[in-house]
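Student: Please take me through one part of this predicted model in detail, and then place that part in the rest of the chain.

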Amino acid sequence: MHAMLLIALYAFAGAAATGLAGACVLRLIRRRSLTASLAVVAAVGVVAMLAGTLAVAWAMFLSPHDLSVVTTVVAMAAVVSLATALMMGRWVVARSRELTDAARSFGDGGAFAAPDGPATAELESLSRELAATSARLADSRERERALEASRRELVAWISHDLRTPLAGLRAMAEALEDGVAADPDRYLKQIRAEVERLNDMVGDLFELSRIHAGTLSLSLARISLYDLVGDALAGADPLAREHGVRLVGERVEPVPVEVDGREMSRVLGNLLVNAIRRTPADGTVAIAAERTDEGVVLSVTDGCGGIPEDDLPRVFDTGWRGTDARTPPAGAGLGLAIVRGIVEAHRGRAAVRNIPGGCRFEVTLPTAR
């Protein structure tokens with residue numbers, strides 16, 4: 001028992017000295033190639049075995065012949081181990097370089113394509129993560145391009161919509177200043193109407209900027225849907241009369257919701273104004289409010305004839321006004337974008353779908369607790 005303990009101590013001492021030296025070498029070359037690190041690890045294993053064996057052999061006073069045999073066997077094992085480590089290291093490094101080149105391709109704007117051939121579990125996992133990152137990056141680029149296109153459209157349309165009333169205001173102001181206005185009171189009323197329209201447009205831009213900046217502050221209160229819908233119908237009634245459109249309240253349940261009354265009134269107002277302007281005379285715009293399994297649903301149905309299927313995903317985008325909405329009365333394309341922003345700030349969602357003869361806008365809100 002005493003002899004076995006001494007053998008174990010000699011073997012441990014030799015192997016420990018080799019392992020400590022190998023750790024120091026690995027620390028010095030930690031920024032070098034993986035091939036060098038694998039070679040060092042393989043060498044440490046073999047040399048540690050050799051050191052332990054030689055330490056035990058010397059302690060046991062083996063004959064020179066026996067000692068040379070043991071040394072030769074261990075040396076051959078060291079050669080094979082180092083060669084195997086170098087081959088594996090070169091293969092792993094080559095695979096890593098292929099992954100690096102593939103990652104550089106999608107970083108420059110392309111798509112990631114995993115290299116062909118087998119790989120270690122770690123490299124395979126890294127390849128899958130790079131593929132998922134590439135897909136997310138592609139989606140992000142697509143959203144950025146869509147947002148940039150929407151912004152360009154918005155700037156163009158806002159510029160057009162501002163230029164038209166400003167030109168009219170300047171012409172009417174010059175007519176009044178020169179005293180050539182046949183009916184000054186009518187000019188003053190028109191000026192006031194144009195100023196109100198410009199004020200509404202600036203207000204929409206300010207509201208949209210707060211939504212996009214995440215600074216929209218909500219003052220939540222428990223309100224009945226019946227009151228919200230009633231106020232919205234009363235506010236939109238003059239515009240409906242002007243366009244010859246009937247306003248109808250259907251299935252308006254007195255369901256309580258926790259919302260910002262002012263902002264939610266703006267949502268309903270924008271939906272009703274949008275529906276009235278696109279519904280022909282003698283048409284009907286209906287508003288409903290009811291509880292469902294998903295929450296509380298507010299809906300506005302119009303008689304616009306429907307929206308092209310390709311345009312449905314863009315209805316709530318900033319600046320979208322449809323293919324037939326190029327005149328100033330159609331607005332700057334901000335109303336529905338504001339609707340979505342306010343609804344999402346309430347942890348709800350806005351959607352639209354076509355129905356026979358028109359379309360239906362739906363706002364889903366969480367049920368009040």
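Tutor: Ile211 lies in helix H5. The cut-off for burial is under 20% relative accessible area, so Ile211, at 17% relative accessibility, counts as buried. Leaving aside residues up to four places away in sequence, Ile211 touches Leu216, Ile338, Gly341 and Ile342. In this predicted model, the C-alpha atoms of Ile211 and Glu344 are 9.7 Å apart, although 133 residues separate the two along the chain.

Ile338, Gly341 and Ile342, which Ile211 touches, are among the buried residues of H8. The others in that set are Leu336, Ala337, Val339 and Val343. In an α-helix, residues three or four places apart point the same way, because there are 3.6 residues a turn. The buried residues of H8 pack against H5, H7, strand S6 (349–355) and S7.

After H8 comes Arg347, with a positive phi near 65 degrees. Most residues other than glycine have a negative phi. Arg347 is not a glycine, yet its phi is positive. Arg347 sits in the loop between H8 and S6 and, at 65% relative accessibility, counts as exposed. Asp282 is another non-glycine residue with a positive phi, of about 70 degrees. The place of Asp282 is the loop between H7 and S4, and at 60% relative accessibility Asp282 also counts as exposed.

H5 and H8 both contribute to the largest nonpolar core, each with at least two residues. This core has 46 residues, and those with the most contacts inside it are Leu225, Val267, Leu271, Leu298, Val315, Val352 and Phe361. At least two residues each also come from helix H6 (225–243), strand S3 (256–259), helix H7 (261–278), strand S4 (284–292), strand S5 (295–301) and strand S7 (358–365). For Leu298, the contacts beyond four places in sequence are with Leu225, Val229, Leu268, Ala288, Ala289, Phe361, Glu362, Val363 and Leu365. Two of these partners, Leu225 and Phe361, are themselves on the list of residues with the most contacts inside the core. There is also a second, separate core of seven residues, including Met172, Ala175, Ala181 and Leu198.

H5 and H8 also take part in the second largest pocket: helix H4 (121–178), helix H5 (184–213) and helix H8 (335–345) each supply at least two residues of its lining. The largest share, five residues, comes from H4. The pocket has a volume of about 260 Å³. Its lining consists of 15 residues, and Leu147, His212, Asp317, Thr318 and Arg340 lie nearest the centre. By type, the lining residues divide into six nonpolar, four polar and five charged.

As for the chain as a whole, there are eight helices and seven strands. Of its 369 residues, 34% count as buried. Among contacts with a separation of 6 or more, 71% are between residues 24 or more positions apart. The accessible surface comes to about 21800 Å², and 59% of that belongs to carbon and sulfur atoms.

Definitions and conventions. Residues numbered from 1 in each chain as written. Predicted model: local features only at pLDDT ≥ 70, side-chain atom pairs only at ≥ 80, totals over all residues. Heavy atoms only, no water. Helix = DSSP H or I, 4+ residues; strand = E, 2+ residues; numbered from the N terminus. Buried < 20%, exposed > 50% of the residue type's maximum accessible area, 1.4 Å probe, protein only. Contact = heavy atoms within 4.5 Å. Areas by Shrake-Rupley, 256 points an atom, 1.4 Å probe, with all protein chains shown as cover. 1 Å grid on protein atoms, 1.4 Å probe; cavity = no way out; pocket = protein on both sides within 12 Å on 5 of 7 lines; lining within 4 Å. Points joined across faces, edges and corners; volume = space filled by probe spheres on them. Nonpolar A, V, L, I, M, F, W, Y, C, P; charged D, E, K, R; others polar. Core = buried A, V, L, I, M, F, W, Y, C linked by side-chain atoms within 4.5 Å.
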